[in-house]
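Student: I'd like a close look at one part of this model, the metal site and what surrounds it. Please take me through it in one go.

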Amino acid sequence: MTEEERFWSKVEKTETCWIWKGNTSSKDPKRAYGSFHSNGISRRAHRVAWEFSNKKPFPEGMDACHHCDNPRCVNPDHIFPGTAADNARDAIKKDATGINHPKQNVAMVIHFRETSLHQAYRAKTMQAMQEGLGRKE
Ligand SMILES: [Zn+2]
């Protein structure tokens with residue numbers, strides 16, 4: 001089995017998110033990123049997933065952000081290299097379109113209920129951004 005095969009064997013794919021079933025970095029679900037142990041080092045599973053799919057190393061100095069805000073998700077389509085500022089902008093865009101509240105994905109809804117702290121933080125970030133952008137409308 002190659003490392004790549006071993007990696008994907010730990011993933012449960014749903015129609016939306018691909019959930020990492022291996023070890024996670026934290027017992028706290030808000031910060032429970034998947035971790036993949038390979039060649040004596042432990043790496044964030046969603047970064048590794050992005051690298052396997054894009055066949056190149058993750059861009060240096062960039063954060064692996066989730067479009068879906070699901071730390072255990074390793075669906076490469078849901079992961080993008082971004083900075084903290086990109087992440088905040090992405091959060092605003094998603095709230096406008098409602099992508100963050102998919103009715104069909106129960107796991108994700110539960111995840112969001114568990115992450116009220118995260119949401120509170122995001123609401124604060126969004127408020128700050130909106131104030132920074134001014135109110136032209
Ligand atoms: Zn996802």
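Tutor: What follows starts at the zinc ion and works outwards through the chain.

A quick word on the ground rules: this is a predicted model, so local features need pLDDT of at least 70 and side-chain atom pairs count only at pLDDT 80 or more, while totals for chains, interfaces and linings use all residues. Residues are numbered from 1 along each chain as its sequence is written, and side-chain values use heavy atoms, with hydrogens and water left out.

Now the metal. Three cysteines and a histidine hold the zinc ion: Cys17, Cys68 and Cys73 through SG, and His78 through ND1, at 2.0 to 2.3 Å. Donors here are N, O and S atoms within 2.8 Å of the metal (3.2 Å for Na, K and Ca); water is not among the atoms, so sites may look incomplete. The angles among the four donor atoms are 104 to 112 degrees, which makes the site tetrahedral. For that label, all angles must lie between 85 and 135 degrees. Along the chain, the donors are spaced C-x50-C-x4-C-x4-H. Distant parts of the chain are linked here: Cys17 is in the loop between β1 (11-13) and β2 (18-20), Cys68 is in the loop between β5 (63-66) and β6 (79-82), and the two are 51 residues apart. Helices (H or I, at least four residues) and strands (E, at least two) are DSSP runs, numbered from the N terminus. Both Cys17 and Cys68 are buried, meaning under 20% relative accessible area; exposed is over 50%, and partly exposed is in between (1.4 Å probe, protein chains only).

The loop between β5 and β6 also holds Asn70, which is buried, with a relative accessible area of 8%. Asn70 and Ala32 are 38 residues apart in sequence, yet their C-alpha atoms are 9.1 Å apart in space. Ala32, in turn, is touched by Ser26, as is Arg31, leaving out residues up to four places away in sequence; contact means heavy atoms within 4.5 Å. Ser26 is in the loop between β2 and β3 (35-38) and is buried, at 19% relative accessible area. The Ser26 side chain reaches the backbone nitrogen of Asp28 at 2.9 Å.

Back to the β5-β6 side for Val74. Beyond its neighbours within four places in sequence, Val74 contacts Phe7, Trp8, Val11, Trp18, Trp20, Ala45, His46, Ala49 and Ile79. Val74 also belongs to the largest nonpolar core, nine residues in all, together with Phe7, Val11, Trp18, Trp20, Phe36, Ala45, Val48 and Ala49. Such a core is a set of buried Ala, Val, Leu, Ile, Met, Phe, Trp, Tyr and Cys residues joined through side-chain atoms within 4.5 Å. The elements giving two or more residues to this core are β2 and α2, and α2 supplies the largest share, three residues.

So what's buried on α2? In that helix (residues 45-54), Ala45, His46, Val48, Ala49, Trp50 and Glu51 are buried. Their cover includes α1 (3-8), β2, β3, β4 (41-44), β5 and β6. Just past α2, Lys55 takes a positive phi of about 55 degrees.

Zooming out, the chain has five helices and six strands, and buried residues make up 34% of its 137 residues.

Key
Four donors count as tetrahedral if all angles lie between 85 and 135 degrees; four count as square planar and six as octahedral if opposite donors are over 155 degrees apart and all others between 65 and 115; anything else is irregular. A polar contact is a pair of N or O atoms within 3.5 Å; within protein, one must be able to donate a hydrogen and the other to accept it, and residues adjacent in sequence count only if both atoms are side-chain atoms.
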